[in-house]
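Here are a few exercises to work through with the model open beside you. Try each task before reading its solution.

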Protein chains: 4
Amino acid sequence: MESELSEERAAFLARDYSRGFIQYCQFEAESVQRGRFQSRVHIQPHHRQQDGFIHAGVMATMADHTAGYSAFTIVSEEYQILTIEFKINFLRPGYGEALICDSRVIREGKQIIISESEVFDVTGETRTLTAKAMVTLMAVHKDRLSRKG
Amino acid sequence: MESELSEERAAFLARDYSRGFIQYCQFEAESVQRGRFQSRVHIQPHHRQQDGFIHAGVMATMADHTAGYSAFTIVSEEYQILTIEFKINFLRPGYGEALICDSRVIREGKQIIISESEVFDVTGETRTLTAKAMVTLMAVHKDRLSRKG
Amino acid sequence: MESELSEERAAFLARDYSRGFIQYCQFEAESVQRGRFQSRVHIQPHHRQQDGFIHAGVMATMADHTAGYSAFTIVSEEYQILTIEFKINFLRPGYGEALICDSRVIREGKQIIISESEVFDVTGETRTLTAKAMVTLMAVHKDRLSRKG
Amino acid sequence: MESELSEERAAFLARDYSRGFIQYCQFEAESVQRGRFQSRVHIQPHHRQQDGFIHAGVMATMADHTAGYSAFTIVSEEYQILTIEFKINFLRPGYGEALICDSRVIREGKQIIISESEVFDVTGETRTLTAKAMVTLMAVHKDRLSRKG
């Protein structure tokens with residue numbers, strides 16, 4: 001575990017956040033601190049279900065990925081983060097123009113890291129908690145990534 | 001609850017499966033029976049993470065949405081299905097050329113329906129279980145959808 | 001949903017908390033407010049595992065039952081509360097002389113209520129968060145309890 | 001990981017199962033195979049809630065502890081098993097004279113082991129699935145137990 005987060009590392013993690021599937025979903029990092037990571041997505045028609053609600057999968061993907069990056073803020077650069085499992089409750093339907101996800105580490109282990117993600121539905125100035133997740137993550141040294149377990 | 005699933009309803013659900021975010025993710029229905037729903041996605045670069053693994057969010061979205069459609073097969077047409085919560089364990093990384101999701105209803109309630117989803121990583125003829133989810137769903141009459149709860 | 005909690009009802013819930021298995025486990029109510037319930041157990045040898053840690057089942061039972069009573073504080077007297085599901089993360093082993101559980105409602109629905117429980121390990125004046133749970137509950141009218149679903 | 005389970009080790013695990021809180025709850029091992037563990041409890045008044053249903057905490061404790069012992073069957077004797085987290089769905093109320101819990105390892109990792117537990121309500125010859133859990137476990141070498149994480 002690292003006890004501080006350098007500006008350089010924070011900037012790297014913010015850029016690194018939006019690649020692959022996450023870039024395809026148009027999620028972007030908003031703020032990065034040690035043990036905490038926030039992200040945002042501007043909602044477009046392809047984030048919704050047929051009935052206009054924001055799809056649960058959008059919220060779940062955001063909750064998982066942002067939790068993973070909150071864990072990246074407490075480990076050194078040689079470590080990758082893998083999701084072991086997560087659980088998400090959908091508290092009320094999301095309708096809004098954006099989602100913000102706020103993830104915090106609640107258990108700092110050397111290997112097992114646990115984060116919580118709160119997903120807020122944003123309309124104008126109003127933020128409403130729409131989903132909440134608990135995410136179990138594992139820090140794996142890059143050299144051992146192929147031998148996970 | 002409906003005790004049978006008509007061919008017409010099964011065909012409707014198979015088409016209805018791929019809309020909004022799910023269409024954007026390119027997931028498609030594969031087979032539909034009463035209490036069971038299977039889907040598939042051909043993996044493309046935008047389904048992966050930076051390290052080449054299939055993103056956990058892809059599996060989670062598929063596990064949730066396919067579980068939801070397994071619940072649709074046991075309710076009558078006036079009901080919508082909402083996800084209350086789900087939990088997913090990632091058993092081993094997914095690398096393959098496709099994912100298949102197989103969802104089954106394990107509790108048929110009038111309101112509360114519980115389904116399990118198994119996500120398989122497919123390479124050639126080989127299928128490997130890569131993730132497993134338990135999903136709690138709620139059947140809500142269309143007329144009450146805005147008053148959920 | 002009830003918008004207030006009478007003193008009489010709070011006192012009833014505090015007494016009602018400790019019956020059956022919960023009485024056998026020696027858990028007791030500590031404080032009751034609308035949407036929040038706290039409980040305590042003085043740890044004895046039979047709450048531990050062979051290695052001296054407090055058993056995960058003790059924490060899970062306390063997290064579930066106290067969450068259920070937090071839900072009781074927001075419904076009227078004709079409703080019973082059933083647990084649909086819960087998920088609990090064990091953040092660090094519990095060794096102490098007591099556990100305190102603090103449960104709060106985070107979603108007030110007419111039927112579906114979601115609460116979080118935090119379980120603290122207590123030694124002298126020190127409280128350490130040892131486990132955290134998310135609990136999905138259902139309010140069922142007493143007349144319909146046998147027809148749950 | 002051990003590829004076989006000796007009779008001696010199986011007998012040890014069956015005895016070891018019922019200690020501390022588990023002995024207090026009167027749960028007993030029923031059968032032990034590599035990757036699988038079954039347990040039983042004869043239901044007494046102190047396992048119930050005030051309304052006569054078997055308490056959710058009884059099922060959760062059994063699901064967790066039996067899953068842990070299914071993991072013990074695949075590791076060598078120098079390893080202890082800790083529960084990282086679990087999630088349990090209550091499918092229907094339990095009323096019966098006994099519970100049986102059947103736990104199976106679904107992911108064999110060197111460190112992270114995932115098991116499923118099915119809890120059956122038993123009345124006469126009838127077994128009904130009453131709860132199902134997914135449990136994330138960690139194998140920790142005895143020498144490192146105090147430095148978990």
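**Exercise 1.** Find how many bridges join strand S2 of chain C to strand S4 of chain C, and which way the two run.

Solution. Start with S2 (residues 36–42) and S4 (residues 98–108) of chain C: they run antiparallel, and seven bridges join them. (Two strands pair if DSSP finds at least two bridges between them; strands are DSSP runs of E with at least two residues, helices are runs of H or I with at least four, and both are numbered from the N terminus.) Next, pick out C:Arg40, which sits opposite C:Ile100 in S4(C).

A word on the model: it is predicted, so local features need pLDDT of at least 70 and side-chain atom pairs count only at pLDDT 80 or more, while totals for chains, interfaces and linings use all residues. Residues are numbered from 1 along each chain as its sequence is written, and chains are lettered from A and ligands numbered from 1 in the order in which they are written.

**Exercise 2.** Trace the open sheet of 12 strands and say which strands form its edges.

Solution. Walk across in order: S1(C)-S2(C)-S4(C)-S5(C)-S6(C)-S3(C)-S3(D)-S6(D)-S5(D)-S4(D)-S2(D)-S1(D), with antiparallel pairing. At the edges you find S1 (28–33) of chain C and S1 (28–33) of chain D, each pairing on one side only. From one strand to the next, the twist averages 25 degrees.

**Exercise 3.** Work out at what angle H3 of chain A packs against H3 of chain B, and which residues make the contact.

Solution. First the geometry: the two helices (residues 56–72 in each chain) pack at about 145 degrees, with axes 9 Å apart. (Axes are lines fitted to C-alpha atoms, for helices over the stretch in contact, and angles run from 0 to 180 degrees between N-to-C directions.) Then the residues: H3(A) brings A:Ala56, A:Gly57, A:Ala60, A:Thr61, A:Asp64 and A:His65, and H3(B) brings B:Ala56, B:Gly57, B:Ala60, B:Thr61, B:Asp64 and B:His65. (Contact means C-beta atoms, placed from the backbone, within 7 Å.)

**Exercise 4.** Describe how chain A meets chain C, and what turn lays one on the other.

Solution. Count the contacts: nine residues of chain A touch nine of chain C. On chain A's side, S6(A) gives the largest share, three residues. Now superpose: a turn of 180 degrees and a shift of 0.0 Å along the axis lay chain A on chain C with an RMSD of 0.0 Å. (The fit is by least squares on C-alpha atoms of residues with pLDDT of at least 70 in both.) The two copies are therefore related as by a two-fold rotation axis. In chain A, the C-alpha nearest that axis belongs to A:Lys87, at 3.7 Å.

Conventions: Contact = placed C-beta atoms within 7 Å.
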